[in-house]
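Trainee: I have a model open and want to learn how to read its local features. Where do we start?

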Amino acid sequence: MESSHYPHPTSEAVTAVMKGNRKTDTRPEVALRSALHRSGMRFRKDHSLKVDADRAIRADIVFPTEKLAVFVDGCFWHKCPQHGTQPRSNRNYWTAKLARNVERDGEVNARLAEAGWEVLRLWEHESVAEACKRVARRLAHIRRRPGRAPGFVRDAESVGGWL
Ligand SMILES: [Zn+2]
């Protein structure tokens, strides 16, 4: 979706940003996945979640047992408050497109929440260590919830030890 039908940018910097923001397997995402894996966390990558009968939502990293969907948002595409920039050419196009992306993020969050999923959004600019910690913390939090099976609690403790 994001990679198709945009007017070709004139600035080399923007081209570089867009090349770094391909739909799957962007570098921050790959680095985070290997860090999570090294820490013993098991997940599905680039996984489609069925939120209702006719709609699926793709998340970057999915923990099915905990029902946690993790997104690694690109600073350019998702308008990071620190690094979000707008190309100078085709300004109207980009303003609308980036605003639409942010709006869609909100819709995705809401749909996932309705379907009983937790959503964790990370920025691509976050360090791998910090991102990894945030994922582990959220997983531990979910697993500690009352009503979880004892097996999950044991897992949470080992994750807590790693933190
Ligand atoms: Zn950023």
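Mentor: We will go through the metal site, the cysteines, the aromatic rings, the backbone and a few side-chain contacts. Keep in mind that this is a predicted model.

Trainee: Which residues coordinate the zinc ion?

Mentor: Cys75 and Cys80 donate through SG, and His83 and His125 through ND1. The distances run from 2.0 to 2.3 Å. In sequence, the donor residues follow the spacing C-x4-C-x2-H-x41-H.

Trainee: What arrangement do the four donor atoms make around the zinc ion?

Mentor: Start with the ideal: four tetrahedral donors have angles of 109.5 degrees. Here the angles subtended by the four donor atoms are 103 to 120°, so the arrangement is tetrahedral.

Trainee: Are cysteine 75, cysteine 80 and histidine 83 buried or exposed?

Mentor: Take them in turn. Cysteine 75 is buried, at 5% relative accessibility. Cysteine 80 is buried too, at 3%. Histidine 83 is partly exposed, because its relative accessibility is 38%.

Trainee: How many disulfides are there?

Mentor: The general idea first: a disulfide is a covalent bond between the sulfur atoms of two cysteines. The count here is zero. Cysteine 132 is buried, with a relative accessible area of 4%.

Trainee: On to the rings. How many aromatic pairs does the structure hold?

Mentor: A pair of rings is described by the distance of the centres and the angle of the planes. This structure holds five such pairs. In one of them, phenylalanine 76 and tryptophan 94, the ring centres are 5.4 Å apart and the planes meet at 65°, so the pair is edge-to-face. The two residues are 18 apart in sequence, and the pair links distant parts of the chain. Phenylalanine 76 is in the loop between strand S3 (68-73) and helix H3 (91-114), while tryptophan 94 is in helix H3.

Trainee: How is the pair of tryptophan 77 and tryptophan 94 arranged?

Mentor: That pair is tilted, at 5.9 Å centre to centre with 50° between the planes. Tryptophan 77 lies in the loop between S3 and H3 and tryptophan 94 in helix H3, so the pair ties together parts 17 residues apart in sequence.

Trainee: Which residues form the aromatic cluster?

Mentor: Phe76, Trp77, Tyr93 and Trp94 form one cluster. Check the burial as well. Phenylalanine 76 is buried, with a relative accessible area of 4%. Tryptophan 77 is buried at 3%, and tryptophan 94 is buried at 0%.

Trainee: Next, the backbone. What is phi at lysine 79 and at asparagine 90?

Mentor: Most residues other than glycine have a negative phi. Lysine 79 is not a glycine, yet its phi is positive, about 55°. Asparagine 90 also has a positive phi of about 55°. Lysine 79 sits in the loop between S3 and H3, and asparagine 90 is in the loop between S3 and H3 as well. Lysine 79 is partly exposed, with a relative accessible area of 37%. Asparagine 90 is partly exposed, with a relative accessible area of 37%.

Trainee: Last, the charged side chains. What does glutamate 29 contact?

Mentor: Its side chain joins that of arginine 33 in a polar contact of 2.7 Å. Glutamate 29 lies in helix H2 (residues 27-38). It is buried, because its relative accessibility is 2%.

Trainee: Where does arginine 121 lie?

Mentor: Arginine 121 lies over the face of phenylalanine 71, at 4.3 Å from the ring centre.

Notes: Residues numbered from 1 in each chain as written. Predicted model: local features only at pLDDT ≥ 70, side-chain atom pairs only at ≥ 80, totals over all residues. Heavy atoms only, no water. Helix = DSSP H or I, 4+ residues; strand = E, 2+ residues; numbered from the N terminus. Buried < 20%, exposed > 50% of the residue type's maximum accessible area, 1.4 Å probe, protein only. Polar contact = N/O pair within 3.5 Å; in protein donor to acceptor, adjacent residues only side chain to side chain. Disulfide = S-S within 2.5 Å. Phe/Tyr/Trp six-rings, centres within 6.5 Å; stacked < 30°, edge-to-face > 60°. Lys NZ or Arg CZ within 6 Å of the ring centre and 35° of its normal. Donors = N, O, S within 2.8 Å, 3.2 Å for Na, K, Ca; no water. Tetrahedral: all angles 85-135°; square planar, octahedral: opposite > 155°, others 65-115°.
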